[in-house]
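Colleague: I should like to go through this model with you, one question at a time. Please give the cut-off behind each term when it arises.

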Amino acid sequence: MVSELLDFGRITMLAFVNSVNPCQIAMLILVLVTILTQSQDKKRKVLFAGLAFTFAVYIGYLFYGIVLVQLFQTFTGFLREGAIYVRDTFAILSMVIGGLQIKDFFFYKKGSFATEMPLWMRPKAKRIIQKITSPFGAFITGFVITLFLSPCTMTPLLIATESLAQLGLIGALPWLLYFNFIIVLPLIVITFIIYKGFTTAESVAQWKEKNVKIFHLIAGILLFSVGLSLLMGWL
């Protein structure tokens, strides 16, 4: 029971780190602004587009999760012999990425290495999003963007799947479904807030820009803490 609680706490923390992702939030807001500009009188279209984008992010991370679990299982013989080294490698990687996130709080620069979407990708992503005219387009865009963004922000998923691989794909699947739900929870909340008219997409965008350093700090502290805990054997 204690072990299950620790696993639940660790998976939840790792998922929460992934959910504090300024890039995903920025892309969702841009999608909603685009749809609103085209269909100001059709707010349901905004709801469906936001949910479609969010579902695409969910599917994208689930795809990565399944691939990683399978990959870890494939190399289970090697990993069994060098499990401690793999674990330490992930711990150090988590601490390094966490350190870079914390650095962004004090010395923020847009497009920072390993913590944000590179600047050269942003105009391309914006052009793709501005062509969206339907929820289906939002889904395709969300999926494609997730595939490109995830390699830069998937350290928590790597750490989680390394442990989950021991359960096998069927055993790991419920954990992956839960992990991905936590990841997209902020996107769901933002979509409904804008749909219900509690605020505008532009206001959320301004709020995100104003607090982007806080996002990095929170993600950095959590990532560094997880890495240190793994390295010390506390998790």
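Colleague: Which residues of H8 are buried?

Modeller: This is a predicted model, in which local features need pLDDT of at least 70, side-chain atom pairs count only at pLDDT 80 or more, and totals for chains, interfaces and linings use all residues. Residues are numbered from 1 along each chain as its sequence is written, and side-chain values use heavy atoms, with hydrogens and water left out. Buried means under 20% relative accessible area, exposed over 50%, and partly exposed in between (1.4 Å probe, protein chains only). In H8 the buried residues are Thr-155, Pro-156, Leu-157, Leu-158, Ile-159, Ala-160, Thr-161, Glu-162, Ser-163 and Leu-164.

Colleague: Why is helix H8 described as largely enclosed by the rest of the structure?

Modeller: Helices (H or I, at least four residues) and strands (E, at least two) are DSSP runs, numbered from the N terminus. Helix H8 covers residues 155-164, and its enclosure follows because the buried residues number 10 of the 10.

Colleague: Which residues touch the most other members of the largest nonpolar core?

Modeller: A nonpolar core is a set of buried Ala, Val, Leu, Ile, Met, Phe, Trp, Tyr and Cys residues joined through side-chain atoms within 4.5 Å. The largest one has 61 residues, and those touching the most other members are Leu-157 and Phe-179. The element that gives the most to this core, with 12 residues, is helix H3 (residues 43-74).

Colleague: With which residues is Thr-54 in contact, leaving aside its neighbours within four places in sequence?

Modeller: Thr-54 has its place in helix H3 and is buried, at a relative accessible area of 4%. Contact means heavy atoms within 4.5 Å. Beyond those sequence neighbours, the partners of Thr-54 are Val-184, Leu-187, Ile-188 and Thr-191.

Colleague: Which residues form a nonpolar patch on the surface, and what is their accessible area together?

Modeller: Patches are made of residues with over 30% relative accessible area and no salt bridge (a side-chain nitrogen of Lys or Arg within 4 Å of a carboxyl oxygen of Asp or Glu); like charges are joined within 9 Å, and nonpolar side chains (Val, Leu, Ile, Met, Phe, Trp, Tyr) within 5 Å. Accessible areas come from the Shrake-Rupley method with a 1.4 Å probe, and for residues only the protein chains shown count as cover. The patch consists of Ile-92, Val-96, Leu-231 and Met-232, with a joint accessible area of about 350 Å².

Colleague: How many Å separate the C-alpha atoms of Val-96 and Leu-223?

Modeller: Val-96 is found in helix H5 and counts as partly exposed, at 45% relative accessibility. Val-96 and Leu-223 are 127 residues apart along the chain, and their C-alpha separation is 8.7 Å.
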